[in-house]
Amino acid sequence: MTILVVDDDLGTRLSISDYLELSGYSVITADDGQNGLKMAEEYHPDLIVTDIVMPRMNGYQLVRRVRQKTEFRLLPVILLTARTKTQERILGYQSGCDLYLPKPFELEELAAAIQNLLERSQIIQQEYRVSQSHELQNSQPGEIKKNDNSLLGKDRDSVMVVSLTPREQEVLELLIQGLSNAEIGNKLYISPRTVEKYVSSLLRKTDTSNRAELVHFVMKHGLVE
């Protein structure tokens, strides 16, 4: 497993990287957000640990830029900072981080958090690969297939096509199972507030006004299996 550590403080970078290397990880480092983004694109790490206050590109900006790339959509990110105000933590989660760890912190705690996030990431990626494999095995020549950006369903009168982002698809499938915003957020590692934004988008795209109508619409048109 490769960990990218991004911090403009040399002492912090060295202490974290030394501890993680002793724990068995391969570690690469960067001294600001711009270099961190370049390192991420070049080495494709399994997890990023980044400070917030840095020159050229801060941690919030780095996380947002990382999340814009499809290949890093599930990449675990930990934000480190001395800022402890609630609004700043909220901003961190809205940027797309998975964990907000305030300074000063114990290296042992950081390592435990990293291990936990990596284990969850591996489970999610494995389930995704299995799901994709099953879809390929079950598909037939000439069959209408779902791509990453749309859900297709057919009723007796017409074919319905609803254009969705990959994250909206995930939220929709969990919502159909009856999960709450908090439960969906826990499964997808996003905040309940962010889940609600995706739900609002789903309501708008399906021209429904509440969750009950959304579920009815999805089941009627066969938009989920």
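**Close-ups from α7 to the end of α9**

**View 1. Helices α7 and α8 sit roughly perpendicular to each other (65 to 115 degrees counts as such).** The axes of α7 (residues 181-188) and α8 (residues 192-206) come within 8 Å and cross at roughly 105 degrees. N181, A182, I184 and G185 on the α7 side meet P192, V195, E196 and V199 on the α8 side, where contact means heavy atoms within 4.5 Å. Sort those contact residues and you get five nonpolar, two polar and one charged, with Gly counted as polar. This is a predicted model, so local features need pLDDT of at least 70 and side-chain atom pairs pLDDT 80 or more, while totals for chains, interfaces and linings use all residues. Numbering starts from 1 along each chain as its sequence is written, and side-chain values use heavy atoms, without hydrogens or water.

**View 2. T208 is tucked into the loop between α8 and α9 (211-221).** T208 is buried, at 13% relative accessible area (buried is under 20%, exposed over 50%, with a 1.4 Å probe and protein chains only). The T208 and T206 side chains share a polar contact of 2.9 Å (a donor-acceptor pair of N or O atoms within 3.5 Å). Beyond its neighbours within four places in sequence, T208 touches L203, E213, L214 and F217.

**View 3. Helix α9 has buried residues on one side and exposed ones on the other.** L214, F217, V218 and H221 are the buried ones. They span an arc of only 95 degrees around the axis, so they lie on the same side of α9. Across from them, A212, H216, M219 and K220 are exposed. Just after α9 comes G222, with a positive phi near 60 degrees.

How values were computed: Axes fitted to C-alpha atoms, helices over the stretch in contact; angles between N-to-C directions. Helix = DSSP H or I, 4+ residues; strand = E, 2+ residues; numbered from the N terminus. Parallel < 35°, antiparallel > 145°, perpendicular 65-115°, else oblique. Arc of directions from axis to C-beta.
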